[in-house]
Amino acid sequence: AIEISLLNLRVVREKSGIYDIDNAAITSSGKLHELAVEVLELDQRAEEVFCVVCCDSRHRINGIFEVFRGGMAESSVYPAEVFKRALLSNSPVMFLLHNHPGGSLHPSLPDRQVTQKLVDGAKILGLKILDHMIINDEGRYTSFRELGIMPE
């Protein structure tokens, strides 16, 4: 006889709060930017932070996750960790967010590469990543979708 462990996965709410955001759906880049600054405070972080906003098919927010935290210049992003959160929150749609504490709004080559890798992985899983937004330390943003560089 062998011992087999029965496992269970759960999403646990770490905290919640009331935020002055009119609609709990991401309907525009402006709405995603508002979430990044008002809720995640990405403009105030000293290190690079990578977050994923998980949504239902109508873009209503199911969960917001801080996935990685790096040094002052970069963070390592592992696709499995991003997709785990989307799958556990039953979210077919995701928006990616990260900050550039140094102030640059220009998507770096690693930013573009990780976005491509995540979009490719999402397709395999039947998920969609609709935008990747960079927030700088002044609260301004760059949207891959608005720049026309978001991979399809």
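**Entry 1. Surface patch**

I began at Leu-125, which is partly exposed, with a relative accessible area of 41%. I note here that the model is predicted. Leu-125 belongs to helix α3, residues 109-125. I then looked up what it shares the surface with: Leu-87, Ile-124 and Leu-125 make a nonpolar surface patch of about 320 Å².

**Entry 2. The sheet**

I went on to the strands. In what order do the five strands of the open sheet run? I read the order as β2-β1-β3-β4-β5, with mixed pairing. The edge strands are β2 and β5 (141-143), and each of them pairs on one side only. On average, neighbouring strands of this sheet are turned by 20° against each other, direction ignored.

**Entry 3. Strand β3 and its partners**

I took β3 next. Strand β3 (residues 93-100) pairs with strand β4 (residues 128-136) in the parallel sense, over eight bridges. Two positions I looked up in this pairing are Phe-95, which stands opposite Asp-131 in β4, and Asn-99, whose bridge partner in β4 is Ile-135.

With β1, strand β3 pairs in the antiparallel sense over six bridges. There I found Cys-51 opposite Leu-97 in β3 and Val-53 opposite Phe-95 in β3. Phe-95 thus has Val-53 across from it in β1 and Asp-131 across from it in β4.

I checked the cover of β3. Eight of its eight residues are buried. Val-93, Phe-95, Leu-97 and Asn-99 point one way from the strand, while Met-94, Leu-96, His-98 and His-100 point the other way.

**Entry 4. Strand β1 and the hairpin**

Why do I call β1 largely enclosed by the rest of the structure? I do so because seven of its seven residues are buried. Val-49, Cys-51, Val-53 and Cys-55 point one way from β1, and Phe-50, Val-52 and Cys-54 point the other way.

I found that β1 also pairs with β2, in the antiparallel sense and over seven bridges. The bridge partner of Cys-51 in β2 is Glu-66. Cys-51 therefore sits in register with Leu-97 of β3 as well, since the two stand opposite each other. β1 and β2 form a hairpin with five residues between them. In the turn, His-59 has a positive phi of about 70°.

**Entry 5. Cysteines**

I searched for disulfides and the count came to zero. Cys-54 is in no disulfide, and the nearest cysteine sulfur to it is that of Cys-55, 7.3 Å away. Why is Cys-55 not bonded to Cys-54? Their sulfurs are 7.3 Å apart, which is too far for a bond, because a disulfide needs the two sulfur atoms within 2.5 Å. I also looked up accessibility: Cys-54 is buried at 0% relative accessible area, and Cys-55 counts as buried at 0% too. The two side chains leave β1 in opposite directions, Cys-55 one way and Cys-54 the other.

**Entry 6. Salt bridges**

I then turned to charged side chains. Side chains of opposite charge can pair when their charged atoms come close. How many salt bridges are there? I get a count of nine.

I followed one that links distant parts of the chain. Glu-47 forms a salt bridge with Arg-69, the closest N and O atoms being 3.6 Å apart. Glu-47 lies in the loop between α1 (29-38) and β1 (49-55), Arg-69 lies in strand β2 (residues 61-69), and the two are 22 residues apart. Arg-69 is exposed, with a relative accessible area of 52%.

I next looked at Arg-60 and Asp-56, whose side chains meet in a salt bridge at 2.8 Å, N to O. Is each partner of this pair buried or exposed? Arg-60 is partly exposed at 41% relative accessible area, whereas Asp-56 counts as buried at 15%.

I looked up a third pair inside a helix. Lys-84 forms a salt bridge with Glu-81, with the closest N and O atoms 3.2 Å apart. Both residues lie in helix α2 (residues 79-88), three residues apart, about one turn of the helix. Lys-84 is partly exposed at 39%, and Glu-81 is partly exposed at 25%. Elsewhere, salt bridges that share partners join Arg-45, Glu-47, Glu-66 and Arg-69 into one network. Of these, Glu-66 is the residue I had noted as the bridge partner of Cys-51 in β2.

Note on methods
Residues numbered from 1 in each chain as written. Predicted model: local features only at pLDDT ≥ 70, side-chain atom pairs only at ≥ 80, totals over all residues. Heavy atoms only, no water. Salt bridge = Lys/Arg side-chain N within 4 Å of Asp/Glu carboxyl O. Helix = DSSP H or I, 4+ residues; strand = E, 2+ residues; numbered from the N terminus. Buried < 20%, exposed > 50% of the residue type's maximum accessible area, 1.4 Å probe, protein only. Patch = residues over 30% accessible without salt bridge, like charges linked within 9 Å, V, L, I, M, F, W, Y side chains within 5 Å. Areas by Shrake-Rupley, 256 points an atom, 1.4 Å probe, with all protein chains shown as cover. Axes fitted to C-alpha atoms, helices over the stretch in contact; angles between N-to-C directions.
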